[in-house]
Amino acid sequence: MSTCYESARELYAALGVDTEKAMEQLSGVKISLHCWQGDDVLGFENTGSLSGGIATTGNYPGRARNFDELTADLDEALKLIPGRHKINLHASYSVADRPVERNSLIPADFSAWVDYAKDRGLGLDFNPTLFSHPMAEDSLTLSSPDPAKRRYWIDHCKCSRKIAESFGKALGQPALDNIWIPDGYKEVPADRLGPRMRLKESLDEIFSEKLDGSVLYDSVESKVFGLGLEAYTVGSHEFYMNYAAKNGLLCLLDNGHYHPTEMVSDKIPAMLLFSEKLALHVTRPMRWDSDHVVRFDDEVREIAAEIVRCGALDRVFIGLDYFDASLNRVAAWVIGMRNMQKALLTALLTPHARLKSYQDEGDFTSMLAMQEELKFYPFAAVWDEFCERQGVPVRESWLAEVRRYEKDVLLKR
């Protein structure tokens with residue numbers, strides 16, 4: 001135990017904050033690490049470039065090209081990140097022993113991922129992949145006016161739910177199955193209701209089969225727009241918020257999927273009032289949903305603060321979602337995950353009850369003063385202690401290991 005940490009513990013104790021308890025709570029938070037950062041969202045199907053209004057930029061060397069390379073890169077990242085977490089998969093990352101269409105995927109096609117996770121004490125989450133496929137070339141899937149296309153993607157989503165359920169059963173921890181679709185139009189549509197009616201009918205069929213709710217949670221994820229889909233998004237926030245509430249599903253909030261003036265942190269307590277659980281994809285939008293690597297910025301800290309002050313660490317599925325091909329992909333994972341954990345630790349080190357009492361008493365002077373002073377409390381000393389106890393590098397020392405891995409592995413691909 002360092003002198004810096006002992007001093008920090010005393011300072012926080014004077015505020016009524018137990019740093020030991022904060023670190024213990026943080027160690028139990030599982031964040032879902034998105035596999036698609038490691039290979040620029042290409043997957044293992046060799047279907048070509050991305051589609052569906054998303055794109056990666058950059059050509060940094062060392063992109064993972066197969067299951068072995070991707071899992072090796074994940075191992076490298078995970079050994080630099082405190083705690084035990086989950087891996088978030090897309091259906092396009094199946095490791096099937098045969099050519100298989102997405103509407104015919106089965107749990108066995110992901111058995112290699114289950115073995116990987118089980119060996120490392122990790123969990124798995126899942127997402128059907130409704131983009132980068134010939135049946136989604138026009139960016140219309142579950143809302144398509146073509147019944148054959150809708151049938152294909154309905155069946156794919158049904159398969160995906162069973163795959164996620166199998167993850168939960170095999171690994172002994174719940175899996176989240178999250179549906180996101182790219183559906184929308186570049187030009188202002190002549191019919192806004194029809195596509196949403198078709199989407200609702202598709203979802204109704206997808207969720208008509210009752211699976212094991214003790215190991216599977218279903219969520220639906222909204223969008224504002226994507227490239228080439230700027231005028232209209234079928235699966236809007238209002239659509240999914242209402243659909244999830246009516247059908248007992250989780251509404252997944254991606255903080256890149258809203259207008260720049262909207263804050264997802266403000267939505268969290270409102271959603272938790274009406275939902276048992278909530279799902280998040282944490283990213284960093286830059287003017288639009290550009291999926292930059294998560295930084296330790298104001299909104300990420302506020303997202304973490306709302307989760308903690310609402311007492312919802314066990315009610316929120318926290319996942320990351322970004323893809324940046326302009327920098328070392330392993331480093332991108334480490335930076336984003338550690339920043340999300342730092343934000344949660346900052347929230348756990350905040351005397352929320354005291355601040356709430358100031359607000360309830362109308363003492364906004366004390367509230368604001370305390371909020372500002374807390375920014376200069378020695379949070380970093382507690383973070384360093386947490387990293388040491390978790391057996392991962394402290395501060396920026398992890399970067400030297402990533403550079404070694406880049407030289408020995410990534411640059412040789």
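## Working through helix packing and buried residues

The axes of helix 3 (residues 67–78) and helix 10 (residues 329–348) come within 9 Å of each other and cross at roughly 40 degrees. This is a predicted model, where local features need pLDDT of at least 70 and side-chain atom pairs count only at pLDDT 80 or more, while totals for chains, interfaces and linings use all residues. Residues are numbered from 1 along each chain as its sequence is written, and side-chain values use heavy atoms, with hydrogens and water left out.

A quick word on terms: helices (H or I, at least four residues) and strands (E, at least two) are DSSP runs numbered from the N terminus. Axes are lines fitted to C-alpha atoms, for helices over the stretch in contact, and angles run from 0 to 180 degrees between N-to-C directions.

### Exercise 1

Work out how helix 3 sits against helix 10.

*Solution.*

- Step 1: start from the angle, which is roughly 40 degrees. That makes helix 3 oblique to helix 10. The cut-offs: under 35 degrees counts as roughly parallel, over 145 as roughly antiparallel, 65 to 115 as roughly perpendicular, and the rest as oblique.
- Step 2: check the hand. Helix 3 passes helix 10 in a right-handed crossing (the near helix is turned clockwise from the far one by less than a right angle; anticlockwise would be left-handed).
- Step 3: find who touches whom, with contact meaning heavy atoms within 4.5 Å. From helix 3 you get L70, D73, L74, E76 and A77, and they meet V330, W333 and V334 of helix 10.
- Step 4: sort these residues by class. Six are nonpolar, none polar and two charged. Here Ala, Val, Leu, Ile, Met, Phe, Trp, Tyr, Cys and Pro count as nonpolar, Asp, Glu, Lys and Arg as charged, and the others, Gly among them, as polar.

### Exercise 2

Now try the pair helix 4 (residues 111–120) and helix 5 (residues 147–171).

*Solution.*

- Step 1: their axes are 10 Å apart and they pack at an angle of about 30 degrees. That makes helix 4 roughly parallel to helix 5.
- Step 2: the crossing of helix 4 and helix 5 is right-handed.
- Step 3: V114, A117 and K118 of helix 4 make the contact with F167, A170 and L171 of helix 5.
- Step 4: the classes in this contact come out as five nonpolar, no polar and one charged.

### Exercise 3

Describe how helix 8 (residues 264–272) packs with helix 9 (residues 298–309).

*Solution.*

- Step 1: the angle is about 15 degrees and the axes are 8 Å apart. That makes helix 8 roughly parallel to helix 9.
- Step 2: helix 8 and helix 9 have a right-handed crossing.
- Step 3: on the helix 8 side you'll find V264, S265, I268 and P269, which meet E299, E302, I303, E306 and I307 in helix 9.
- Step 4: by class, the contact of helix 8 with helix 9 has five nonpolar, one polar and three charged residues.

### Exercise 4

Is Q341 buried or exposed, and which residues does Q341 touch?

*Solution.*

- Step 1: place Q341, which lies in helix 10.
- Step 2: its relative accessible area is 1%, so Q341 is buried (buried means under 20% relative accessible area, exposed over 50%, partly exposed in between, with a 1.4 Å probe and protein chains only).
- Step 3: list the partners. Not counting residues up to four places away in sequence, Q341 touches L26, I31, I81, P82, H85, W383 and F386.
- Step 4: look at H85 again. The side chains of Q341 and H85 are joined by a polar contact of 3.5 Å. A polar contact is a pair of N or O atoms within 3.5 Å; within protein, one must be able to donate a hydrogen and the other to accept it, and residues adjacent in sequence count only if both atoms are side-chain atoms.

### Exercise 5

Do the same kind of check for E69 and L355.

*Solution.*

- Step 1: E69 lies in helix 3, and at 14% relative accessibility E69 counts as buried.
- Step 2: leaving aside neighbours within four places in sequence, E69 is in contact with R63, A64 and R413.
- Step 3: L355 sits in helix 11 (residues 352–360) and is buried, with a relative accessible area of 10%.
- Step 4: with neighbours within four places in sequence left aside, L355 is in contact with T350, M367, M370, Q371 and L374.
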